[in-house]
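Reader: I am new to this one. Please walk me through it, one question at a time.
Author: Gladly. Here it is.

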Amino acid sequence: MERNRPHLILNGLGQAVVFQAKGGGQTKRPSDVPDRRAHALALLRAIDGIGDPAAQGRPGVYLEIEARPNEPFVTKSLDASGLHLLRVDSDAKNEAEPARATVFASQVGLANLRKKVEAFQDEDTQTGRPKNADLVQSIRAIVEAGLRALWRSPSAKFPEDDGATHPWEIWLDRSGTDHFIAQARGIGIRFEGGESQAEGGRLEFPEDIVVVGYGTHAQIAEAVRTFGTVKALAAPTVLSDYFEGLAPEEQAEWARAMEGLLQPPAAADPRYITLLDSGVGLNHPLIRPFLDPADRHAAQLGWGLDDSRGHGTQLAGISLYGDLLPVIQSNMPVQVQHRLESAKIIPDAGQNPHHLLGAVVLKAVNAVEANAARGRTFSMASTTDEDTPHDGAPTSWSSEIDQLTAGVSGNQKRQRLFVISAGNTDQNRFRGGDYLSICDDPDHEIESPAQAWNPICVGACTDKVRLPADLPGQPVAPIGDLSPSSRTASWWRHWPIKPDVVMEGGNWVQDRLPPRMKHPALSLLTTDHQYPMRSLTTTADTSAATALAAKAVTELWEDYPALWPETIRAIFVSSARWTQQMKTHLPANPSKGDFAKLFRRYGYGVPDQARARRSAANALSLIVQDTIIPYRPSDTAGADPVHNQMKFFELPWPRNALRALGTAEVTLRVTLSTFIEPNPSEAARGSKFRYASHNLRFKLNRANENQAQFKARINRLADDPEAEAVADNDGWVYGRNRRDVGSLHIDELRCAASDLARRNMLAVHPVAGWWKSKSTRNVSQKTARFALVVELDTGDVETDLYTEVEAAIAAMNAARVQMVV
């Protein structure tokens, strides 16, 4: 979605049939053109036959202009006054073949072209020649351009118009790229690099941005004709396997060329990604500028700091640049605003004892925090299958991760943001059948410690479906679906939704017979730890997805450095949406229970960095950070503590704008994020209320519910959270079974805009947690932080919510504390 821009209505495409002007060769003298008027009239009819692009809701029209055979083609005037020359095609081996130019004409440009032809028809220069004679006499025909007129690859590579989806390399004008991608998705075109964020698959050049889109002839033609912006089409070429297969000296040359384009962080106090992995090498030219020698650490004394396994260095490259494939081919400056730290938790040989996994991570965290105080995102793509099956219940390692994030473990008591991989599937299990059924098998459930409540758990999806032309077989996963390597959750109601999000993790290839195989062409390009022997390699799976998530989270935090880790988690995960391919696994009219499969596979979907980082006029986000004292001692001697506070917010709703929309459907998305302190004692296992120190819930008032009635309802629910099993579902898409689990709660409400105008009161209240126990000391002093993110989106309806809310915020105090009576 392009921020600050409304969606557009899209129309179909049919190539216009226009009149072709006919005539003889070009000349410099009017006496040589006896059919001057006829020639001009023919061209004017051709222009008029194309029609007015503005009246058709189009920014302009693509023209294919054919020159006269054996004559010079004057194209200077085709790149001015609203005309943009995109391509001149001339076959130098065949002089009889006329040259052709592809031109994009805005409404003004088309009108100016018509004026030039009219002037040629009716006016002479002072020398007696027709005006614009060099241009007009060189033109034989003007037609509306088809896709082939924009094709810059060999004609033999032009995709067949067989109704199938093909990959297209699309060259876009830089200024209109985001708009084109957002609108093209609306007609079913998919892009490498992700449905929600195309920048991961972009090549950037001074005047162009190149993306790879997947669509049929009709879809690509409709996008080209309707949205403009496209400057050329071509056959996609280089894949990651090309770079991995280069000789060492060629790889090093590419790396050195990119090194010259690097721009170190401009901020005096940049944020860091702390890689908890196998170490990171210092000598690679694409890593060295962002990793100081003093910022490499190890959990155990005596461990080396280098990376002998290669895994850490691979993830370092992804954490800095994302997929290197588009970046290394670009000739643009490479801006990275964050830096790296390495905290080695994987020894060079052997493995950590299972019972020490939590302790090793704790030592690594203490080591980096003792070195320097700075903003960090901890990224860990290390999991264990020795705890499976756990069915979502806490383990010692996951509980330690929850303690570290909550700030109750570690030498420094501070909240921390962790990004953790979901773990990878066992490739040997894939012997045929639907790959998703194998990923969904309980034996492939998310590995420990990824079931922890507080960190962001990352699974893998894929948009990589393009194979080398000479490679037999086909990709296992369709574009936009789960990566075959990604584990899923096996639990349904009791424990948190995991994974939280999915990001690019590569694909596999399937030939006629098993097994399904990984292939570098379907992987992400990154840095190799063996530099200078090898500069580039490929990586994939949930490790790569986790590094991508760490990069995105850190970039979001750079925009809002004052926000808490709980808040950054809320904004990032709340930005995620399921792709269209993921939603094909839902029935036509899904009920709340039907979403279970999607949550277990994909969490909340693929994060959208644009949505996470910015609001739009018709899609805004409100963010609140606050604290709550959830419990206090009971007035009854010997009884458990009771609920103490709720937080009540009167939202600065854009009532005027909502009422003006009437019955138009709008979407409200609410996210509540808090970090719990874990209690994994054996007596607490199996109870979501006894593992967490505190549990919070959010509630929205109903359209006919006033303030007093709303508060009274919250009071009742605080004591009995099961009391409103049916009535609380009024309009919420996911429902309480998916919303009220874990420490991150997200749900959507879809209703008429006029109804939502009356629903502007939101409450955050506690339910049971292990703090609410008579054995808890100083319960009235235990404060919980929470973040609340409220997103309001009118979808395709154009309106300005942002301005009205901005004015309301300036005039009111949105948050008030209410004591539960």
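## A guided tour

Reader: In the loop between which two elements does proline 389 lie?
Author: This is a predicted model, and that is worth keeping in mind throughout. Proline 389 is joined to threonine 388 by a cis peptide bond, with omega about -5 degrees. The loop that holds proline 389 runs between β15 (376-380) and α11 (396-406).

Reader: Which residue is joined to proline 532 by a cis peptide bond?
Author: Proline 532 sits in the loop between β23 (524-527) and β24 (536-539). Its cis bond has an omega of about 10 degrees, and the partner is tyrosine 531.

Reader: Is asparagine 132 buried, partly exposed or exposed?
Author: Asparagine 132 belongs to the loop between α2 and α3. Its phi is positive, about 60 degrees, although the residue is not a glycine. With a relative accessibility of 31%, asparagine 132 counts as partly exposed.

Reader: And is asparagine 778 buried or exposed?
Author: Asparagine 778 is another non-glycine residue with a positive phi, near 50 degrees. You will find asparagine 778 in the loop between β32 (761-767) and β33 (784-793). Its relative accessibility is 51%, and the cut-off for that class is over 50%. Asparagine 778 therefore counts as exposed.

Reader: Which strands stand at the edges of the open sheet that includes β21?
Author: The sheet has three strands in the order β18-β21-β22, with antiparallel pairing. An edge strand has a single partner, so one of its sides is left without a neighbour in the sheet. The strands in that position are β18 (474-475) and β22 (517-518).

Reader: Which residue of β21 stands opposite proline 475?
Author: β18 pairs with β21 (residues 508-510) in the antiparallel sense, over two bridges. Opposite proline 475 in β21 stands valine 509.

Reader: How far is the backbone oxygen of glutamate 123 from a polar atom of the side chain of arginine 36?
Author: Arginine 36 is in helix α1 (residues 36-50) and counts as buried, because its relative accessibility is 17%. Beyond its close sequence neighbours within four places, arginine 36 is in contact with several residues, including Phe120, Asp122, Glu123 and Pro130. From the backbone oxygen of glutamate 123 to the polar side-chain atom of arginine 36, the distance is 3.1 Å.

Reader: How far apart are the end C-alpha atoms of helix α2?
Author: Helix α2 (residues 107-122) has 16 residues, and at 1.5 Å a residue the expected span is 22 Å. Its buried residues include Leu110, Leu113, Val117 and Phe120, and among the elements covering the buried residues are α1, β1 (60-67) and β4 (139-144). The end-to-end C-alpha distance agrees with the expected span, at 23 Å.

Reader: Which helix gives the most residues to the largest nonpolar core?
Author: Nonpolar side chains tend to be buried together in soluble globular proteins. In this model the largest such core has 81 residues, and Met258, Tyr321 and Phe572 touch the most other members. With ten residues, the top contributor is helix α13 (residues 541-559).

Reader: How many residues are in the second, separate core?
Author: This core includes Leu620, Val779, Leu792 and Leu801. Its number of residues is 34.

Reader: How far apart in space are leucine 556 and arginine 614?
Author: Leucine 556 is found in helix α13 and is buried, with a relative accessible area of 0%. Among the residues it contacts beyond four places in sequence are Ile568, Phe572 and Arg613. Leucine 556 and arginine 614 are 58 residues apart in sequence, yet the C-alpha to C-alpha distance is 9.7 Å.

Reader: Which residue forms a salt bridge with glutamate 144?
Author: The structure holds 43 salt bridges. Glutamate 144, in strand β4, is 86 residues from its partner, which sits in the loop between α1 and β1. Glutamate 144 is buried at 3% relative accessibility. At 3.0 Å, N to O, its partner is arginine 58.

Reader: How close are the N and O atoms in the salt bridge between glutamate 341 and arginine 374?
Author: Glutamate 341 lies in strand β14 (residues 339-344), and arginine 374 in the loop between α10 (357-371) and β15. Both residues are buried. The closest N and O atoms of the pair are apart by 2.7 Å.

Reader: Is aspartate 348 buried or partly exposed?
Author: The side chain of aspartate 348 meets that of lysine 344 in a salt bridge of 2.6 Å, N to O. Lysine 344 counts as buried, at 1% relative accessibility. Aspartate 348 has 39%, so it counts as partly exposed.

Technical notes: Residues numbered from 1 in each chain as written. Predicted model: local features only at pLDDT ≥ 70, side-chain atom pairs only at ≥ 80, totals over all residues. Heavy atoms only, no water. Pairing = 2+ DSSP bridges. Helix = DSSP H or I, 4+ residues; strand = E, 2+ residues; numbered from the N terminus. Buried < 20%, exposed > 50% of the residue type's maximum accessible area, 1.4 Å probe, protein only. Polar contact = N/O pair within 3.5 Å; in protein donor to acceptor, adjacent residues only side chain to side chain. Contact = heavy atoms within 4.5 Å. Expected span 1.5 Å × (residues − 1). Core = buried A, V, L, I, M, F, W, Y, C linked by side-chain atoms within 4.5 Å. Salt bridge = Lys/Arg side-chain N within 4 Å of Asp/Glu carboxyl O.
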